[in-house]
Amino acid sequence: MSCNLDEIMPLRLILRPAPGDVRIEVMDQTVDVVSRNNVRVIGNPDGRPMIFAHGFGCSQETWRHVAPAFLDDYRVVLFDHVGAGHSDLSAYDAGKYDSLDGYASDVLDIVDQLELDDVIFVGHSVSAMIGVLAANQRPDAFGELILVGPSPRYVDDIGYTGGFSQPDIESLLDSLDANYLGWSSTMAPIIMGNPDRPQLGDELTESFCTIDPAIARHFARVTFLSDNRRDLGRVTVPTLILQSDDDVISPTVVGEYVHDNIAGSTFVMLSATGHIPNLSAADDVIRAIRNYLR
Amino acid sequence: MTPASLYDAAPCGLLTTSLDGSIVTVNATFEAWTGYSSAELVGRNVAQLLEVGSRMFFETRHFPTLRLQGDVRAMALTLERADGSHLATLANSSLRGDSIHLAIFDATERTEYERELLTARRTSEASESRVRVLQSAAGAFGSSETEGELALALASSVRTAFAATSTAVWIIDDSAQPELRAGSSPLGDLTRFFDGEVTRIENVAQAREISASLADEMEATRTASLSVHPLIAPQGLVGVISTFFSRERQMDVAYNDLHEALARQATEVLVRVRLQQQLRHIALHDKLTGLANRDLLQYRLNEALAQSVRSSETMAVFFLDLDGFKAVNDSYDHSTGDAVLVEAARRIVAVAHNSDVVARFGGDEFVVLCTDVVENGIDAMAEAMGAAIRAPYALAPDAPVSASIGVAVYTPSPNNLVTSDELLNLADDAMYTAKGSGKNRAVIRTL
């Protein structure tokens with residue numbers, strides 16, 4: 001399937017009035033970060049701040065089995081990236097979120113708004129690199145980076161194995177489309193057979209991993225076509241890398257690359273398998289984080 | 001039939017896996033569809049049986065949803081068979097205890113149909129997006145009345161159309177010096193790297209072929225790709241738009257065509273806006289001296305009067321009529337007369353404040369509208385104007401020129417309201433008094 005028109009933004013994102021539409025230089029200083037990113041602060045209010053950042057494909061819900069273990073000792077901050085979960089979709093500015101830098105600046109907004117310091121940032125999947133970018137911009141604010149299944153570049157390059165080719169990424173976009181064509185939020189009530197009771201459909205699509213299809217496409221591109229390898233060498237914050245076995249999205253060889261390129265980093269192989277150990281082997285992840293922070 | 005044979009003969013693939021996706025049991029239908037035997041399948045991760053895009057979707061989307069929700073229905077997944085061919089399926093999955101149960105349906109026909117729909121939809125969305133971008137840009141450009149507004153509209157349209165990190169629009173005017181009028185450039189003034197052609201730089205390596213310092217700056221500012229499009233009007237280069245991306249972007253034909261179309265639209269409007277500005281200037285200014293003409297004076301006088309009434313601040317109108325100007329025309333010629341008028345205008349402007357309006361009222365008559373009146377400043381200003389006009393004119397040394405000046409000074413109060421005509425007439429009147437009492441002097445009237 002030809003995708004050369006894809007760099008032109010999809011209609012829905014064009015129709016959405018971007019915050020930058022009028023004056024593109026003026027940053028809105030009064031933006032409500034908490035509702036924009038659906039920020040939840042729980043746990044010990046006097047504890048050291050610990051931010052959990054979710055990866056591509058779902059929302060802060062992916063931390064639901066891990067975060068509770070840290071509530072007694074830490075001030076736990078959960079949030080959704082703009083476009084995911086219950087974030088404010090109207091805040092989705094395609095230009096801003098066309099690179100991971102836009103997401104990193106949101107993380108810094110959260111740090112600033114909540115006045116956090118000595119932050120432990122736990123980032124899964126694409127959020128691992130988002131954390132790296134945020135910490136590189138403001139190393140003073142971060143005490144620890146914990147990267148779960150990180151990858152600085154998913155597409156292979158000369159002398160680098162990322163695990164995917166460019167056509168693989170296009171294939172993922174096809175897969176996204178194949179799934180959202182018949183199963184989008186507008187179709188769900190009809191499929192449920194209850195057009196008069198849309199709340200049933202709402203439950204279905206609202207429950208978990210809510211995602212806007214147009215944004216999901218763009219986020220997939222940004223996630224899987226970014227190259228942040230050079231940012232690894234600039235990390236000065238102490239870093240832990242958690243790698244699970246048999247992770248088809250971020251293979252072990254990529255985790256090792258991250259380890260080799262972040263000076264002084266710690267690499268821990270989990271006994272978990274798959275790309276989302278925080279869901280499949282939460283205890284394993286909790287133990288590894290606790291051991292490192294001890 | 002026994003339950004076991006029902007299981008094997010079911011017209012759908014049935015699998016059970018452990019929570020991490022390792023296959024525990026499969027039915028015969030699934031074996032037949034995939035071309036793998038049960039022995040080959042058991043122990044393998046179900047994700048490994050998927051085509052790569054489906055595998056990525058499965059891991060990032062299907063898996064977390066299933067874990068959190070317990071059920072996922074009708075997820076489109078493409079299987080990769082033993083012989084490498086693909087089978088489009090729809091899968092229902094349920095989480096029960098320590099197992100995941102999957103029912104997989106052959107969806108080849110439906111998927112092919114959907115794929116056609118999808119291709120059609122993508123194509124139409126892409127062209128509709130393009131049309132929409134151009135339409136909304138045309139609207140934004142068309143309602144621009146100034147170069148600045150147009151520059152903002154162009155920067156905003158392009159940024160939205162391509163999801164660019166930032167855009168910068170430089171406008172080039174008569175001075176040929178590009179001026180940044182909208183947006184921002186992470187690389188400062190980019191026009192120094194630019195030769196007037198469309199330039200597309202998809203990555204830092206390409207930038208390095210053009211200029212090492214450009215490549216270094218791109219790295220330092222986290223700029224991964226950029227493009228530069230000139231705004232070319234019939235009379236030449238009138239501007240430049242540059243578009244910056246923090247992520248490497250492919251700038252293919254579709255990108256370039258749309259970008260060029262936007263640049264072309266904006267250029268047409270820019271030319272029109274400039275022409276309108278020129279026409280407006282011509283309509284409101286005196287051609288010889290470049291001063292405001294009577295129409296503009298009238299407009300500014302009304303404006304100043306209203307403002308003065310609101311703020312109760314004093315304003316003044318100076319009416320100057322040159323003495324001895326007729327002799328210049330008689331002793332020399334009309335072009336010398338014109339040159340003296342131009343010089344006199346220049347001298348009045350030099351004496352006036354920056355905020356004053358200096359107008360040529362007609363022939364050898366000038367009016368200065370002064371809203372920035374300081375106490376005792378009127379006398380000094382009239383004195384300075386008289387002295388400036390009186391100074392010798394190199395082109396007409398034998399025809400001395402001076403000025404008769406009438407000044408109307410007005411401080412508004414509720415029972416002392418005047419019209420702009422009354423104010424002008426009062427100044428005119430004072431000028432005639434000055435002329436009648438020997439010329440080369442000023443008469444001040446206060447209202």
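Start with both chains in view: 52 residues of chain A are in contact with 58 residues of chain B. Keep in mind that this is a predicted model.

Now select the side of chain A that touches chain B. Three helices each supply at least two residues there: α1 (11–15), α5 (166–183) and α11 (277–280) of chain A. Colour α5(A) next. With 12 residues, α5(A) gives the most to this side. Then colour the side of chain A that touches chain B by class: 25 residues are nonpolar, 16 polar and 11 charged.

Hide chain A and look at chain B alone. Its secondary structure comes to 14 helices and 15 strands. The radius of gyration of chain B is 40 Å, well over the 22 Å that the globule rule gives for 447 residues, so chain B is more spread out than a compact globule. Turn the C-alpha trace of chain B along its principal axes, and the span is about 130 × 55 × 35 Å. Buried residues make up 40% of the 447 residues in chain B.

Next, select two helices of chain B: α5 (residues 108–142) and α6 (residues 147–162). Their axes come within 9 Å and cross at roughly 165°. An angle over 145 degrees counts as roughly antiparallel, so α5(B) is roughly antiparallel to α6(B). The crossing of α5(B) past α6(B) is right-handed.

Which residues make the contact? From α5(B), show B:V133, B:S136, B:A137, B:A140 and B:F141. From α6(B), add B:L150, B:A153, B:L154, B:S157 and B:A161. By class, this contact of α5(B) with α6(B) has 8 nonpolar residues, 2 polar and no charged ones.

Technical notes. Residues numbered from 1 in each chain as written. Chains lettered and ligands numbered in written order. Predicted model: local features only at pLDDT ≥ 70, side-chain atom pairs only at ≥ 80, totals over all residues. Helix = DSSP H or I, 4+ residues; strand = E, 2+ residues; numbered from the N terminus. Rg over C-alpha atoms; globule rule 2.2 N^0.38 Å. Buried ≥ 20, exposed ≤ 12 C-beta atoms within 10 Å, placed from the backbone. Contact = placed C-beta atoms within 7 Å. Nonpolar A, V, L, I, M, F, W, Y, C, P; charged D, E, K, R; others polar. Axes fitted to C-alpha atoms, helices over the stretch in contact; angles between N-to-C directions. Parallel < 35°, antiparallel > 145°, perpendicular 65-115°, else oblique. Left-handed = near helix turned anticlockwise from the far one by under 90°.
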